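Hi everyone, and thanks for coming. Today I'd like to walk you through a structure that is new to most of us, so let's put it up on the screen.

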Amino acid sequence: MPTVLAFMAHPDDAEFLCAGALFLLADLGCEVHVAAMAPGDCGSPDKPAEEIAAIRREEGRKAAKLYPGEFHCLEERDLQIHYSPATTKKACSLLRKVRPEIVITQSPVDYMLDHEETARIARAACFNAPIPNAPCEDDSAPLGRIPHLYYVNAVESVGIYGEPVKPSFLLDIADVMERKTEALAAHDSQREWLRKQHGIDEYLESMRSWSAEAGRLAGLEFAEGFRQHLGHAYPHDNLFASLLEGRCHPPKEAE
Ligand SMILES: [Zn+2]
């Protein structure tokens, strides 16, 4: 079974946007890895950056164990994630270490630049990792080929002008929705922060409502939306959908 890497910006992005897919792929026997570009060091109203970062790395590990999977942090910093020689080098090293055949990353169009830049870094890492002379931090062997690359839905399925960002297929996650909720709940610090601020469990509720909203696009109760990167040289066969056959549906045409 292929190895899967969710390559995200922050420690809880995988649980918000693709945990259903990670559970289903792990159930099939895929090895699962989750990477965060940054440790979530801006994710607290009162704790210093390094204190909250330590808490959030631990929460990332706790969530990843549920798939089960391994958590990695590339130790950039929140709100400062950039496509650069240094970040593409780090990301190339991670890919050569993990050796994924499927990479899932953030939407290239999203509400925050950390997410958009992470999508660019992941795209570059997939392209670079098979190139023998690509700059890399360690001497692991180059990948045999470019991994299959997928983008998750934009948060709330909208771009920066409020325009809809439409996934090309929707994954039915209704029967793993409770496990997805449990994985997101591993990020206690974030859940508590919102609960204190808004008085309701908005953290888990927003994930559930986004999953329901994605589901509506294909007449499903809960779904996660994805788009495959189909640029030149990237694999064009939809390995993700063939592994999860019967669960992936095209969006319905708007009525
Ligand atoms: Zn994020």
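Let's begin with one residue, Gly162. This is a predicted model, and in it Gly162 is exposed, because just 7 other C-beta atoms lie within 10 Å, and a residue counts as exposed at 12 or fewer. Where does Gly162 sit? You'll find Gly162 in the loop that links β5, residues 148-152, with β6, residues 169-172. Now look across to Tyr111: the two are 51 residues apart in sequence, yet their C-alpha atoms are 9.4 Å apart in space.

From an exposed residue, let's turn to a strand. Is strand β1, residues 3-8, largely enclosed or largely open? It is largely enclosed by the rest of the structure, since 5 of its 6 residues are buried. And β1 has two partners I'd like to show you. With strand β2, residues 31-36, β1 pairs in the parallel sense over 6 bridges. If you want a landmark there, find Leu5, whose bridge partner in β2 is His33. The other partner is strand β4, residues 102-105, which runs parallel to β1 and is joined to it by 4 bridges. Here the landmark is Ala6, standing opposite Ile104 of β4.

Next up is helix α4, residues 85-98. With 14 residues at 1.5 Å a residue, α4 should span 20 Å, and its end C-alpha atoms are indeed 20 Å apart, so the two figures agree. This helix is largely enclosed as well, because 10 of its 14 residues are buried. Among those buried residues are Thr87, Cys92, Leu94, Leu95 and Val98, and Lys90 and Arg96 are on the list too. What covers them? The cover includes β1, which we have just met, along with β2, β3 (69-73) and α5 (113-128). Right after α4 comes Arg99, with a positive phi near 60°.

Last stop: a pair of helices. We describe two packed helices by the angle between their axes and the distance between those axes. For α6, residues 177-185, and α8, residues 202-216, the axes come within 10 Å and cross at roughly 145°. That crossing is right-handed. Which residues meet there? From α6 we have Met177, Thr181, Leu184 and Ala185, and from α8 come Leu204, Met207, Arg208 and Ser211. Sorted by character, the residues of this contact are 5 nonpolar, 2 polar and 1 charged.

That's the tour, and I'm happy to go back to any part of it.

How values were computed
Residues numbered from 1 in each chain as written. Predicted model: local features only at pLDDT ≥ 70, side-chain atom pairs only at ≥ 80, totals over all residues. Buried ≥ 20, exposed ≤ 12 C-beta atoms within 10 Å, placed from the backbone. Helix = DSSP H or I, 4+ residues; strand = E, 2+ residues; numbered from the N terminus. Pairing = 2+ DSSP bridges. Axes fitted to C-alpha atoms, helices over the stretch in contact; angles between N-to-C directions. Left-handed = near helix turned anticlockwise from the far one by under 90°. Contact = placed C-beta atoms within 7 Å. Nonpolar A, V, L, I, M, F, W, Y, C, P; charged D, E, K, R; others polar. Expected span 1.5 Å × (residues − 1).
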